[in-house]
Amino acid sequence: MEENLRSGEIQGIFDNLRDCVSGPAGKAVGVTGELILGIDLGTTHSAVGAVESGFPILLADEEGRRIMPSAVWFGADGSVEAGRKALRRRSVEPGRVVTSVKRLMGRRHGEEREFCVPMERAADGGVTVLGRSPEEVSAEILKELKRIAEMRLERPAGKAVITVPAYFNDAQRAATKRAGELAGLEVVRILSEPTAAALAYGLDKLGDRSRVAVYDLGGGTFDLSVLEMQDGVFQVLATRGDTRLGGDDLDAALARHCAADFDTLDDAAKIRLTAEAERVKCALSERESETFRAPFYDGSRSLEVEVSRGDLEALAKPLIARSLTCCRQALSDAGIAAAELDAVVLVGGSTRIPAVRAAVAELFGREPDLSQHPDEAVALGATIQAGVLGGSLRKMVLLDVTPLSLGVETFGGLMNVIIPRNTTIPCKAGEMFTNAASGQASMRVRVLQGEREMARDNWELGNFEVPFEPMPKGQARVGVQFRIDENGILEVLARDVKTGRDTVVEIRNAAVDVDDAAVEKMVGESVEYAFDDMAERIFTEAKLKAEELLPAVDQALAMAAGLVSEDERREIGDAAEAVREALAAGLPNPLKAAVQRLDKATETLAAALVERAMEEALERRG
Ligand code: AMP
């Protein structure tokens with residue numbers, strides 16, 4: 001008999017099957033390679049790099065600066081400037097300079113409450129500022145970085161790796177990619193910032209299976225990521241952050257501390273005081289005290305206040321405490337203790353604050369690693385990844401991902417995903433299945449690829465038969481494990497848990513190497529048919545449940561004399577009738593609701609039957 005698989009709830013024969021693991025990799029070839037830029041598109045600052053003569057380097061602008069403010073000025077006459085020049089215009093035209101646009105990427109209107117310029121609602125529900133979408137504003141920053149790179153390298157650059165925070169969702173990543181395209185850059189990879197920082201930290205410093213925490217406190221955001229590196233491939237185990245925590249908050253707190261009337265001032269005065277607060281804050285990372293000077297900050301009044309490092313630390317204390325809460329949560333999510341980490345890497349400009357370093361050292365019980373330039377590590381990591389993808393750095397790892405989901409067909413013709421789309425390879429994952437019919441002696445495993453809910457709409461990569469000992473329905477245990485190696489070859493293993501017998505099949509065709517157009521078509525169709533697909537899945541699942549429930553209910557009712565009230569008996573009968581009607585009508589949601597009603601209606605009866613069976617068993621024993 002040939003039956004499909006049924007997914008079971010039991011877990012655990014293969015440990016950590018869902019965890020992605022890594023193996024050796026290294027497909028990069030050639031030394032000259034194609035030019036791909038590495039870009040850190042930061043909230044407050046951005047930077048660009050490239051591999052030159054085999055070395056990853058960051059590229060400086062005409063003034064020799066490798067770090068550029070993420071600021072864009074939109075002039076009344078339609079002209080645009082990005083970077084330092086844009087920021088300089090802020091004291092004159094604050095309403096025309098956009099900063100921290102990264103906060104708006106991929107966001108809906110209303111999600112972000114405060115911003116440096118007024119936010120408007122776009123036709124599609126997104127946000128615009130000064131008539132531009134966040135992607136368009138970010139594109140201006142990217143265009144400036146591209147210009148700097150081309151000026152330094154003296155050749156055109158058309159491709160880039162761009163970093164995003166680990167917590168960015170699909171919409172935010174897609175918006176970042178679009179920004180790159182608007183700037184004339186093909187974005188070959190979106191890389192997560194902690195992975196980039198860890199790449200910059202150096203693969204060679206750590207042994208196999210190392211774990212690092214990356215503590216990133218910038219101007220506007222904080223995040224802590226725990227990464228595991230095995231044979232050179234990084235996996236983000238956990239990430240926690242606060243998108244409203246950074247050096248900017250400390251600047252605002254210090255400005256308020258020095259100028260009691262801060263909240264009553266106009267924007268231009270606030271900007272002047274905040275800029276002075278930032279200067280004093282940075283100076284206090286080096287010195288014990290500094291004078292806060294703001295001559296004629298509102299046109300008439302002036303300020304001169306002596307600020308000690310202790311004053312600043314008192315203001316920083318609650319902010320640092322918030323970051324430490326995220327650290328504890330991330331460690332707990334990753335399921336590891338601070339002592340198990342091999343290193344704690346600090347990145348982001350605000351980690352220069354001595355009190356931050358001390359707090360991190362205390363929490364993690366070790367001195368943090370300061371080898372990275374706090375402002376440059378992420379861009380450097382992006383550049384290393386770009387060099388690997390472009391083929392100009394050898395012996396590095398390609399962080400490849402599965403282009404489409406991989407799974408098996410289960411009972412009712414449903415797709416059961418085992419390795420989701422976009423999983424980093426190499427990887428492995430698995431799930432437990434059981435038999436759908438009594439006495440069944442084998443199962444057919446159909447290996448599928450695609451994003452659709454029904455098995456028939458996905459592509460079949462292969463199929464094979466798994467024999468197992470005949471058992472009553474639902475009692476056989478077959479573990480199915482998918483493993484994709486660094487070359488993209490998929491190996492499917494099925495194990496009969498009872499006998500320990502394995503069936504292993506290697507599937508060479510196209511688990512990873514799928515034509516881009518085909519991937520796009522599959523993903524497009526999954527979106528187009530999402531409603532129909534979901535309805536069919538709901539119907540199929542409810543139908544399976546109904547087919548199991550109806551005969552069981554009939555049987556239970558026949559034995560129910562004296563166990564339930566007449567009202568309950570009537571409700572069960574009505575509920576069962578409603579299920580039969582919904583089945584005949586073929587409507588997913590009414591069927592799901594009817595099955596739920598029947599489930600509920602039989603609760604008391606089921607409990608009473610169990611109780612009676614137990615009493616009978618006890619009587620027999622006694
Ligand atoms: P990032 O977003 O990583 O570029 O970090 C920018 C933040 O780092 C800003 O809030 C800066 O004021 C802050 N920062 C830069 N240098 C220092 C320093 N020496 N001491 C304290 N904070 C600094």
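**Ligand site**

I started at the ligand and found one of its nitrogen atoms 2.6 Å from an N or O atom in the side chain of serine 285. Worth jotting down at once: I am working from a predicted model.

Next I looked for backbone partners. Glycine 219 has a backbone N or O atom 2.9 Å from an oxygen atom of the ligand. Glycine 349 puts a polar backbone atom 3.0 Å from a ligand oxygen. On its own the ligand has 510 Å² of accessible area, and the protein covers 87% of that.

Which elements give two or more residues to the shell around the ligand? I get helix H5 (247-258) and helix H6 (267-283). H6 supplies the largest share, three residues.

I then listed the shell itself. The ligand is surrounded by 15 residues, and Thr44, His45, Glu278, Lys281 and Ser285 are the closest. Sorted by type, the shell has nine polar residues, four charged and two nonpolar.

**Helix H8**

I moved on to H8, which spans residues 354-364. Its buried residues are Ala355, Val356, Ala359, Val360, Ala361 and Phe364. What do the buried residues of H8 pack against? I noted two strands from the 210-230 stretch of numbering, E13 (210-217) and E14 (222-230), plus helix H7 (309-334) and strand E18 (343-347). Right after H8 comes glycine 365, with a positive phi near 65°.

**Threonine 99**

I checked threonine 99, which sits in strand E8 (residues 97-99). Buried or exposed, I wondered, for threonine 99? Its relative accessibility is 13%, so I put it down as buried, the cut-off being under 20%.

The side chain of threonine 99 has a polar contact, at 3.0 Å, with the side chain of arginine 90. Skipping neighbours within four places in sequence, I listed what threonine 99 touches: Ser70, Ala71, Leu87, Arg90, Phe115 and Cys116. Arginine 90 therefore turns up both as a contact and as the side-chain polar partner of this buried threonine.

**Glutamate 465**

Glutamate 465 is in strand E23 (residues 459-467). I logged it as partly exposed because its relative accessible area is 30%, and that class runs from 20% to 50%.

Which side chains make polar contacts with the side chain of glutamate 465? I found serine 442 at 2.6 Å and arginine 444 at 2.7 Å. Serine 442 is 23 residues from glutamate 465 along the chain, and their C-alpha atoms are 6.5 Å apart.

**Cysteines**

I went looking for disulfides and counted zero in the structure. I also looked up accessibility for a couple of cysteines. Cysteine 427 has just 2% relative accessibility, so it goes down as buried. Cysteine 282 comes out at 42% relative accessible area, which means partly exposed.

**Whole chain**

Last, the overall numbers. The protein chain has 622 residues, and 51% of them count as buried. I tallied 14 helices and 26 strands in the protein chain.

How much of the contact list is long-range in sequence? Taking contacts between residues at least 6 apart in sequence, 65% join residues at least 24 apart. The protein chain exposes about 29000 Å², with carbon and sulfur atoms supplying 49% of that area.

Conventions
Residues are numbered from 1 along each chain as its sequence is written. This is a predicted model: local features need pLDDT of at least 70, side-chain atom pairs count only at pLDDT 80 or more; totals for chains, interfaces and linings use all residues. Side-chain values use heavy atoms; hydrogens and water are left out. Helices (H or I, at least four residues) and strands (E, at least two) are DSSP runs, numbered from the N terminus. Buried means under 20% relative accessible area, exposed over 50%, partly exposed in between (1.4 Å probe, protein chains only). A polar contact is a pair of N or O atoms within 3.5 Å; within protein, one must be able to donate a hydrogen and the other to accept it, and residues adjacent in sequence count only if both atoms are side-chain atoms. Contact means heavy atoms within 4.5 Å. A disulfide is a pair of cysteine sulfur atoms within 2.5 Å. A residue is near a molecule or strand if one of its heavy atoms lies within 4 Å of it. Accessible areas come from the Shrake-Rupley method with a 1.4 Å probe; for residues, only the protein chains shown count as cover. Ala, Val, Leu, Ile, Met, Phe, Trp, Tyr, Cys and Pro count as nonpolar, Asp, Glu, Lys and Arg as charged, and the others, Gly among them, as polar.
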